[in-house]
Amino acid sequence: MTADDARADRTCPMCEEQLFKRHCKYLCPQHGVVVDCSDPFTF
Ligand SMILES: [Zn+2]
């Protein structure tokens, strides 16, 4: 964990774990990167 890690307001669409926001990505503790915030696709 670094200072860049923060709890995000999103949950994983697959397992509903709360995601962490790191840099510009949302990370699921089980699935890894779920969404890159530069991606036009959001859930
Ligand atoms: Zn997940």
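Let's start with the first pair of strands. Strand β1 covers residues 6-11, and strand β2 covers residues 18-22. They pair in the antiparallel sense, over three bridges. Keep in mind that this is a predicted model.

Where do the two strands line up? A6 stands opposite K21 in β2. T11 stands opposite Q18, also in β2. Together, β1 and β2 form a hairpin, with six residues between them. Look at E16 in that turn. E16 has a positive phi of about 65 degrees.

Next, the second hairpin. Strand β3 covers residues 25-28. Three bridges join β3 to β2, and the two run antiparallel. Which residue in β3 is the bridge partner of K21? That is Y26. So much for K21; on to R22. R22 stands opposite K25 in β3. The hairpin of β2 and β3 has two residues between the strands. In this hairpin, H23 takes a positive phi near 50 degrees.

Now the third hairpin. β3 and β4 form it, with three residues between them. The pairing here is antiparallel too, over four bridges. One example: L27 has V33 in β4 as its bridge partner.

Let's put the pieces together. From the N terminus on, the elements run β-β-β-β. The protein has four strands and zero helices. The four strands form an open sheet, in the order β1-β2-β3-β4, with antiparallel pairing. Why is one side of β1 and one side of β4 left without a neighbour in the sheet? β1 and β4, which covers 32-36, stand at the edges. Each has a single partner strand, so one side of each has no neighbour in the sheet. The sheet is also twisted in this sense: neighbouring strands are turned by 40 degrees against each other on average, direction ignored.

On to the side chains. Take β3, where they alternate. Y26 and C28 point to one face, and they are buried. K25 and L27 point to the other face, and they are not buried.

Which residues make up the largest nonpolar core? There are five: L19, Y26, C28, V34 and V35. The elements that give two or more residues to this core are β3 and β4. So we meet Y26 and C28 again, as buried residues of β3 and as members of the core.

Stay with the core for a moment and pick L19. What is L19 in contact with, leaving aside its neighbours within four places in sequence? The list is A8, R10, T11, C12, Y26, L27, C28 and V34. Three of these names are also on the core list: Y26, C28 and V34.

How much of the protein is buried? Buried residues make up 12% of the 43 residues. And what about contacts along the chain? Take contacts between residues at least 6 apart in sequence. Of these, 2% join residues at least 24 apart.

Last topic: confidence. The mean pLDDT of the protein is 81. Of its residues, 77% reach 70 or more. Which strand has the lowest confidence, and which the highest? The lowest is β1, at a mean of 81. The highest is β3, at 91. A word of caution for reading any model like this. Where pLDDT is low, the predicted coordinates should not be read in detail.

Key. Residues are numbered from 1 along each chain as its sequence is written. This is a predicted model: local features need pLDDT of at least 70, side-chain atom pairs count only at pLDDT 80 or more; totals for chains, interfaces and linings use all residues. Two strands pair if DSSP finds at least two bridges between them. Axes are lines fitted to C-alpha atoms, for helices over the stretch in contact, and angles run from 0 to 180 degrees between N-to-C directions. pLDDT is the predictor's confidence in each residue, from 0 to 100. A nonpolar core is a set of buried Ala, Val, Leu, Ile, Met, Phe, Trp, Tyr and Cys residues joined through C-beta atoms within 7 Å. A residue is buried if 20 or more other C-beta atoms lie within 10 Å of its own, exposed if 12 or fewer, and partly exposed in between; C-beta atoms are placed from the backbone. Two residues are in contact if their C-beta atoms, placed from the backbone, lie within 7 Å.
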